[in-house]
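I opened the notebook to go through this structure step by step, starting with where the chains meet. The entries below follow the order in which I looked things up.

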Amino acid sequence: MDVVVCVKQIPDPADPGELNPDTKTLKRDTKLILDESDSYGVEMALQLVDAAGSGEVRLVSMTPGGETGGLRTALAMGAESAILVSDEALAGSDSLSTAKVLAAAIKRSNPDLILTATESSDGYTGTVPEQMAEILGLPSVTFGKEVSVDGELATVKRQTESGYDVVECPLPAVISVTAGVVEPRYPSFKGIMAAKNKPVEELDLAALEIDPATVGWAGARQEITEIADAPAREAGEVIVDEGEAHERIMAFLDELKVL
Amino acid sequence: MGFSKIWVHGEASDGVVASITLELLAKARELADSVEVVIAGDADSVAAELGDHGASVVHSIGPLDNGLAGPRIASAIADACSQGSGPDVLLCGTTYDGRDVAGRLSAKLDTPVITNVVDLKPDGDRLLAHEPVFGGTKDVFTGTTAEGLDIFVVRPKSFAAESTGGDPASVSTLQVGDLGGTGAAVVKDQFVEESSGPRLDEANIVVSGGRGLGEPDKYEMIEKLASLVKGAPGASRAVVDAGWVPYSYQVGQTGKVVKPTVYLACGISGATQHLVGMKGSANIIAINKDEEAPIFGIADLGIVGDVHKVLPKLIEALEAQ
């Protein structure tokens, strides 16, 4: 069974960056890392391929600037290869443009299963998996907590408001997985060394026959009309616990009459 | 007006309309002359409540028959749009099914979708969406320049639900066309996880735990506290990523946005990821060992202390009441 995992390389969330005031898109002059949200999909894919006994895990990603740092992390975990769509025209892509580009790259790979995170840590729209599934004409199950595959059928525990549904879905399919459902392995030294030589196929939009006008900021067909500072929230009383802090909390709750 | 007709993606279970749907109706009514709902399942059982909140028509796609809502509702709306009977604007909630519907429909109609919306305002013949970015430190207003339907995915608790005393909405059938392979996923079983308290995004009090709890077992203190104050337990992304509690517990930018009367943050340092999900709370109490923790910058009451010492005493005090 061949699994494609869609991964995003993002600026370190500890350093969230800022908007370019001229273009109103995210400034991307920092080093990119693997979105932690995607490490769960990579781990799950490795486990599923392992359980199937054959096949491989491949990565699909896109970026305007050709960065591969985040991809190398996922390759070091055990993915075999990657397709990186890299083109300056991708800057400012919205979720639909992203889905169009990823779908075009996935088609070249023809996998049995496509795994994604539920949402990226920096854009967090949470719509790309469904948009991609629709473009590919595939069924999908979002917000998966647990995924198993038996032959041509995936069984997914899908998060719901009140618990979870057990959903069966024929393959090929797009499945998004929530964070924390598996424990992503740490790349071993051997894995890190091997990752340096694993194939990363870099494609531009022309190679995928995508019109640059349909993606990126132009394809997003959105305009930001206003950027303003959000009203700040003030710090209140701060006390150091000397063994009686719980009494202050009780008094605070009493004043609010919420107990 | 370009947005004279707004449809709301309705969600309900067991004949009770979800809060998010009523919140979206309240805003839609303010923005448009005609407000209608599109919903799966037993529309007749919710027509009165939807009408009471301002919907004139409920477009029913009928029972899901164990299929998933996303592809079915999206297909029905897309067909309505192509026949000229669809809406100008669709509002979905940031929910499991809401995002599925918005994503599927966006791709079907090749139209953008604007997500993480917390407010909407008219701008000529279109709507502008207000989205908080960079951990809620900046407010951005975005509009689309695309032709046709505008799709917005709106965060829960962005608007207050309000009854209008309106008549029951009339129920009309909306056909779902051929889904091809896209609708092939089938729900085989449903599990309700036991939860005695209110829902996380509807609770009056939220008690959240973070990495400062040290180990998974200690999360029990958070559940105990939440149950004592009749609130809901929540968690930071760090402990969800670590697998202590499911994603449904997560408060933050990725996860749920909550606005309770009281938010009690225990052992949470306050990464921007977390703050954006709870800074709209009316009152914030924070307990953290590190006096430099960013959470203290927005807390109304900050306790510099060890959660392992403060929480057991707080539990004891609440039990004594």
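**Entry 1, the contact between the chains.** I first looked up how the chains meet in this predicted model, and I found that 72 residues of chain A are in contact with 80 residues of chain B. On the chain A side, the elements that each supply at least two residues include the helices α3 (95-109), α4 (128-136) and α7 (245-255), and β7 (140-150), β9 (163-170), β12 (222-229) and β13 (237-240) are also listed there. I then sorted the residues on this side of chain A by class, which gave 35 nonpolar, 19 polar and 18 charged.

**Entry 2, strands that pair across the chains.** Following β9(A), I saw that it pairs with strand β13 (residues 186-192) of chain B in the antiparallel sense, over six bridges. Within that pairing I noted Glu168(A), whose bridge partner in β13(B) is Val186(B).

**Entry 3, a sheet built from both chains.** Which strands form the open sheet, and in what order? I read six strands in the order β13(A)-β18(B)-β17(B)-β16(B)-β14(B)-β15(B), with parallel pairing. The edges are held by β13 of chain A and β15 (232-235) of chain B, and each has a single partner strand, so one side of each is left without a neighbour in the sheet. From one strand to the next, the twist averages 15 degrees. Inside the sheet I looked at strand β16 (residues 262-266) and strand β17 (residues 283-288) of chain B, which pair in the parallel sense over five bridges, and here Leu264(B) stands opposite Ile285(B) in β17(B). I also noted that α7(A) lies across β13 of chain A together with β16, β17 and β18 (301-304) of chain B, and that the helix runs at about 170 degrees to β18(B).

**Entry 4, the nonpolar core.** I looked up the largest nonpolar core, which has 172 residues, and those with the most contacts inside it are Val5(A), Ala45(A), Leu102(A), Ile175(A), Leu91(B) and Cys266(B). The element that gives the most to this core is α3(A), with eight residues. Domain 1 (5-173) and domain 2 (205-320) of chain B both give residues to this core, so it lies between them. For Val5(A) I listed the contacts beyond four places in sequence, and among them are Asp38(A), Val42(A), Ala45(A), Leu59(A) and Leu115(A).

**Entry 5, the domains of chain B.** The C-alpha centres of domain 1 and domain 2 of chain B lie 32 Å apart, and six residues of domain 1 are in contact with eight residues of domain 2. The domain 1 side of this contact has two nonpolar, two polar and two charged residues.

**Entry 6, Lys8(A).** Is Lys8(A), in the loop between β1 (3-6) and β2 (9-11) of chain A, buried or exposed? I counted Lys8(A) as buried, because 24 other C-beta atoms lie within 10 Å and the cut-off for buried is 20 or more. Leaving aside neighbours within four places in sequence, Lys8(A) is in contact with Asp35(A), Asp38(A), Ser61(A) and Ser120(A).

**Entry 7, chain A as a whole.** I closed with chain A, which has seven helices and 13 strands and 259 residues, of which 48% count as buried. Its C-alpha atoms fill a box of roughly 65 × 50 × 40 Å along the principal axes. Of the contacts in chain A with a separation of 6 or more, 72% are between residues 24 or more positions apart.

Key:
Residues are numbered from 1 along each chain as its sequence is written. Chains are lettered from A and ligands numbered from 1 in the order in which they are written. This is a predicted model: local features need pLDDT of at least 70, side-chain atom pairs count only at pLDDT 80 or more; totals for chains, interfaces and linings use all residues. Two residues are in contact if their C-beta atoms, placed from the backbone, lie within 7 Å. Helices (H or I, at least four residues) and strands (E, at least two) are DSSP runs, numbered from the N terminus. Ala, Val, Leu, Ile, Met, Phe, Trp, Tyr, Cys and Pro count as nonpolar, Asp, Glu, Lys and Arg as charged, and the others, Gly among them, as polar. Two strands pair if DSSP finds at least two bridges between them. A residue is buried if 20 or more other C-beta atoms lie within 10 Å of its own, exposed if 12 or fewer, and partly exposed in between; C-beta atoms are placed from the backbone. Domain bounds come from an automatic or database domain assignment. A nonpolar core is a set of buried Ala, Val, Leu, Ile, Met, Phe, Trp, Tyr and Cys residues joined through C-beta atoms within 7 Å. Axes are lines fitted to C-alpha atoms, for helices over the stretch in contact, and angles run from 0 to 180 degrees between N-to-C directions.
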